[in-house]
Amino acid sequence: MADRYMKQFLATLEAGVAKLYGEVTTTTSGTIGSTSCKGFTVAKTAGEAGRYTVTLADKYNKLLHCGVVVVGSADAAYTSAKGLVAFLRNDTVASGGKTFDVQFCDTDGSPADAELEDAAKFKLEITLKNSSAY
């Protein structure tokens, strides 16, 4: 269970829920330029195309959900299929770990792991089970 002061989360049937939010901006070839995350860090996974390792600051009992969205430019068309879809890999949270991976892939033809566009931004909303007491 996270040992931080958590704000009360209302209007859910699931008790003991914690939500964390963050934003990552890349530079070139998926390299991280900056992050703004509370309660976790994000690092580019070495040797893997389009993969980022999320490390939670505290232990939780279960990863309930992770929403990931790529933020496009204000008006210009997003002309590439690179890195538009994200899914999760290597979730260690339920087994006492504090990491999982976010994997981006392309949507053009046969999906394959892919880097994000240069200077891309993505946002994360992580929902966790904070305690097994409920």
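**Figure 1. Glu-23, partly exposed at 22% relative accessibility, and its salt-bridge partner Lys-123.** Partly exposed here denotes a relative accessible area between the limits for buried (under 20%) and exposed (over 50%), calculated with a 1.4 Å probe on protein chains only. The model is a predicted one, in which local features need pLDDT of at least 70 and side-chain atom pairs count only at pLDDT 80 or more, whereas totals for chains, interfaces and linings use all residues. Residues are numbered from 1 along each chain as its sequence is written, and side-chain values use heavy atoms, with hydrogens and water left out. Lys-123 is likewise classed as partly exposed, with a relative accessibility of 37%. The two side chains meet in a salt bridge of 2.9 Å from N to O, the term being applied when a side-chain nitrogen of Lys or Arg lies within 4 Å of a carboxyl oxygen of Asp or Glu. Because Glu-23 belongs to strand E1 and Lys-123 to strand E8, their contact ties together parts that are 100 residues apart in sequence. Strands, like helices, are DSSP runs numbered from the N terminus, with at least two residues (E) for a strand and at least four (H or I) for a helix. Glu-23 and Lys-123 also take part, together with Lys-121, in a network of salt bridges.

**Figure 2. The salt bridge between Glu-125 and Lys-19.** By the distance rule the count comes to six salt bridges, and in the one shown here the closest N and O atoms of Glu-125 and Lys-19 are 2.6 Å apart. Glu-125 lies in strand E8 (residues 121-129) and Lys-19 in strand E1 (residues 17-26), so that this pair links parts separated by 106 residues in sequence. Both residues are partly exposed, Glu-125 with a relative accessible area of 31% and Lys-19 with one of 25%.

**Figure 3. The open sheet of four strands in the order E2-E1-E8-E5.** Pairing in this sheet is antiparallel, and two strands are taken to pair if DSSP finds at least two bridges between them. The edges are formed by strand E2 (32-37) and strand E5 (62-71), each of which pairs on one side only. On average, neighbouring strands of the sheet are turned by 20° against each other, direction ignored, with axes taken as lines fitted to C-alpha atoms (for helices over the stretch in contact) and angles between N-to-C directions running from 0 to 180 degrees.

**Figure 4. Strand E8 and its bridges to E1 and to E5.** Nine bridges join E1 to E8 in an antiparallel arrangement, and nine bridges also join E5 to E8, again antiparallel. On the E1 side, Tyr-21 has Glu-125 of E8 as its bridge partner, while Ala-18 is partnered with Leu-128. On the E5 side, Leu-128 of E8 is also the bridge partner of Leu-63, and Val-70 is partnered with Phe-122 of E8.

**Figure 5. The hairpin of E1 and E2, with five residues between the strands.** Within this hairpin, Ser-29 takes a positive phi near 55°. The two antiparallel strands are joined by five bridges, and Thr-25 is paired with Ser-34 of E2.

**Figure 6. The open sheet of four strands in the order E3-E4-E7-E6.** Here too the strands pair in antiparallel fashion. Strand E3 (40-44) and strand E6 (85-89) stand at the edges with a single partner strand each, and therefore one side of each is left without a neighbour in the sheet. The average turn between neighbouring strands of this sheet is 25°, direction ignored.

**Figure 7. The antiparallel pair of E3 and E4, with the contact between Arg-51 and Glu-48.** Strand E4 (residues 51-56) is joined to E3 by five bridges, and Thr-41 stands opposite Thr-55 in E4. The side chains of Arg-51 and Glu-48 meet in a salt bridge, with 3.5 Å from N to O. Arg-51 counts as buried at 10% relative accessibility, whereas Glu-48 is partly exposed with a relative accessible area of 31%.
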